[in-house]
Amino acid sequence: MENNHKKGLVKVVGTQKAVVVVVLIVLFGFFCIMSPMFRQYSTILSILDYSYYITFMAIGVTFCLITGGVDLSIGTGMICCGLVGGYMINVMGMPTIVGLLAAIVVGLIFGVINGTLVAVLNIPPFIATLGTMMVARGIGSIATGGLSQTWPVAGSENGWFRNIFKIDIGGLKLPVGFMLIIVTVIVMSIVLNKTNVGRYIIAIGSNKEATRLSGVNVVKYQMSAYIISGFFIGLAGISYAATFQAIAPGTGAGLELDAIGGAIIGGTSMNGGLGSIVGTLLGVFIMSMLKTGLPYIGLQANWQQIITCAVLIGAVFIDVQKNKKLQ
Amino acid sequence: MSEVILTMEGIDKSFPGVHALDHVNLEIRKGEVHALMGENGAGKSTLMKVLTGIYTKDSGKIIYEGKEVEYGSPKEAQDAGIVIVHQELNMLGHLSVAQNIFIGREPKKGGLIDDSRMNTEAAKLFEQLKIKIDPKEKMNRLTVGKQQMCEIAKAISHDAKIIVFDEPTAALTETEIQELFKIIRDLRKKQMGIVYISHRMDEINVITDRVTVMRDGAYVGTLITKESTKSDIINMMVGRVIYEEPKTESAISEDAPVVLKVEHLNAGKMVRDVSFSLHKGEILGFSGLMGAGRTETARALFGADKKERGEIYINGQKIEINSPSDAVKHGIGYLSEDRKRFGIVTEKTVAENATLASLDNYLSGMFINKKKENEVTEEYVKQLKIKTPGVDQLVVNLSGGNQQKAVIAKWLIKDCDILIFDEPTRGIDVGAKSEIYHLMSTLAAEGKSIIMISSEMPEILRMSDRIMVMCEGKKTGEIGIEEATQEKIMHLATQRN
């Protein structure tokens, strides 16, 4: 009974995403009107800087959420990836490329561990990934001997990787990372909606037992959701390293909630079976818009958190109301 | 005849795009059991939801105990004495029986819950109903039948004057049904008005006084049960005669090859040393009472549950089945008895459900070929006559019968040669039922081999070429359709050994 009489934007992106787009535009307009400082190119750069690593984490965790699970280890996992990669470059003197690959490999290892705990050993995802979240924080500190890691700076010989996200051409900084994000969103949307991996991940989240009884290897596909998430914390670790000067051991906890919150605002259901990568991207932008914009109108960190929380609850409330009407 | 307690008159209710109730009438008298019948989607549940305040009516009158009423919530209806005993019981498994009965209105002493008084009150209720249940027992330790008795006790504790039973016997064993009927007769004696919703024709004859039939949201008529026959009611329900006779002889020849042979299958308490074989083009009926182990046998065979022991041969070749995906690889498809939990992925489309078992065949490289997927689904939608506006329709919006057909389509698209149909017509209306029967016969004639688990005797006798009977996890016998009778089957089904 859905989708019959809807028009325009709603038809293209769905109800919740339409709301998110409108909120995003309204927020942007509001900040622009309220603060002349906000109406600057550098602000957009700063919003984007804050978006990259959260977007990568959020895209990965969207797959876990769609299976009906969750991955809480993405925050500290991302930091761990960045630390290990940084340590290999800094201390062990490896080329930058090796550090980048190491970050991804570490992410994949976390993915395989989470996937094994959840899909093979049937440990509830919340508990399993809460465990790896703590493990990741510990390993990050142990591997680096508790020292902050500084990745090569922009402009230096080994700092080329920072140009993946932001390139400086004659004094003009271009956010090329945004293109990378768009490409990733397109690719992962295709993986989710057009491949059997994605189809099975959605089916598992909708009805795991019916999917298993259809002869689908649910262990394999549930596991792949966590491995995808692991791969993306590797990417997130790289983008985090590219955005910030240094990475400190013991940090990262709490960042997973920004990513999960973004996915939920974007319409992914905590119950599984429903979600989209485009929605996740939009949700993350709302989060980082708030993070960047609120200080410009004089609201500091504590207020940011309260307002971000209100947006999150509001988005889920709209979704709950919509589902109620459908029933 | 006794006094009228409830009259629903010209009840009308529309949802966007659906005229769910079209001026429906219903009259309940004190001390009568009134059957409400109709195919799925006829509007029985909607009518009851209007009565108990879950939906508000668009127009019409509800007159209860001489006064016009309208309830805004189930709670208001309950306080007035109108209670539903739902098909799916709303029980809190970890709480005790008494705690469940008095939930939301616990007796208090000094601000704290008075458990001992609650237990005595509950015990009194059970005494009144002449049933033995310990009020302190945890709810999830009771059988479904006993849980239902607790719902009834709860209803009575609300001083109910009207109790609506929504398919109360769907999950009960024969003895439990008899016990339930005893209680219903008791309630009737106490001058309660009882609405009894059921698809089981034989129960209607046994327990009800009058029958109101609905069709497509409209009132068709009310009959006195004693004065009407099964065909009368069915004709009113579907507007056509469809009642058919049992099969008299097997449709397959003696020398048809054996496609599936199962030997010494063991899986827990419910499957103990079961052996049988299935011939090409045969419909093998699995009969037995609830809890006989038929579904468990099928699930163990299909790899859905672990088995301890047992050999499985397909076309003479020994194979290993340790998971459903093994079974599917060997061409076995399983249509579960619990469609919503194990059959369909409700919030997904017809096409996504139909290709779930065979998606690998509809890939172009890495990607799902949507065009091919839709084409094959459309082909089977046509062949199985699935009523859906399109293959992109969400399965949840289809009727029960069409959902079932979507599951069948899934296995046919996978090209399974051995199909296990577990209660294929459960919760499906009469019209769709005969379509499913026709479909099964056609499939068998085309050379598919079918195991059909059914708790309905007429269904077993009508469809099977051969009948295997189980009791308490063991196979107790096998009868060819030529010599099968209800009595013979029931004898084997109760033969404990």
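This report covers the domains, sheets, helices, chain contact and backbone outliers of a predicted model.

## Domains of chain B

The domain assignment splits chain B in two. Domain 1 covers 4-238, and domain 2 covers 258-493. Their C-alpha centres lie 33 Å apart.

## The six-stranded sheet

One open sheet of chain B has six strands, in the order β18-β21-β22-β15-β23-β24. Its pairing is mixed. The edges are β18 (332-335) and β24 of chain B. Each has a single partner strand, so one side of each is left without a neighbour in the sheet. Neighbouring strands are turned by 20° against each other on average, direction ignored.

Inside the order, β15 (residues 283-287) and β22 (residues 449-453) of chain B run parallel and are joined by four bridges. One pairing can be picked out by residue: Ile283(B) has Ile450(B) in β22(B) as its bridge partner. Helix α17 (residues 486-493) of chain B lies across β15, β23 and β24 of chain B. The helix runs at about 35° to β23(B).

## The four-stranded sheet

A second open sheet of chain B follows the order β14-β13-β16-β17. Here the pairing is antiparallel. β14 (271-279) and β17 (317-319) of chain B stand at the edges. Each pairs with a single strand, so one side of each has no neighbour in the sheet. The average turn between neighbouring strands is 20°, direction ignored.

Strands β13 (residues 258-267) and β16 (residues 309-314) of chain B run antiparallel, with five bridges between them. Lys261(B) has Tyr313(B) in β16(B) as its bridge partner. Helix α9 (residues 294-302) of chain B lies across β13, β14 and β16 of chain B. Its angle to β13(B) is about 110°.

## Two covered helices

Helix α10 (residues 218-243) of chain A has 26 residues. At 1.5 Å a residue, the helix should span 38 Å; the end C-alpha atoms are 37 Å apart, which agrees. α10(A) is mostly covered, with 23 of its 26 residues buried.

Helix α14 (residues 400-413) of chain B has 14 residues. From first C-alpha to last, α14(B) reaches 20 Å, close to the 20 Å expected at 1.5 Å a residue. α14(B) is also mostly covered: 13 of its 14 residues are buried.

## Contact between the chains

On the chain A side, 18 residues are in contact with 27 residues of chain B. Two elements of chain A give two or more residues to this side: α8 (196-206) and α9 (208-213). α9(A) gives the most, with five residues. By type, the chain A side divides into five nonpolar, nine polar and four charged residues.

## Positive phi in chain B

Lys130(B) has a positive phi of about 55° although it is not a glycine. Lys130(B) sits in the loop between α4 (115-129) and α5 (144-157) of chain B. Lys130(B) counts as exposed because it has 10 C-beta neighbours inside 10 Å, and the cut-off for exposed is 12 or fewer.

Glu472(B), also not a glycine, has a positive phi of about 50°. The residue lies in the loop between β23 (466-471) and β24 (474-480) of chain B. With 18 other C-beta atoms within 10 Å, Glu472(B) is partly exposed. Asp415(B), just after α14(B), takes a positive phi of about 65°.

Technical notes: Residues numbered from 1 in each chain as written. Chains lettered and ligands numbered in written order. Predicted model: local features only at pLDDT ≥ 70, side-chain atom pairs only at ≥ 80, totals over all residues. Expected span 1.5 Å × (residues − 1). Buried ≥ 20, exposed ≤ 12 C-beta atoms within 10 Å, placed from the backbone. Domains from an automatic or database assignment. Contact = placed C-beta atoms within 7 Å. Nonpolar A, V, L, I, M, F, W, Y, C, P; charged D, E, K, R; others polar. Pairing = 2+ DSSP bridges. Axes fitted to C-alpha atoms, helices over the stretch in contact; angles between N-to-C directions.
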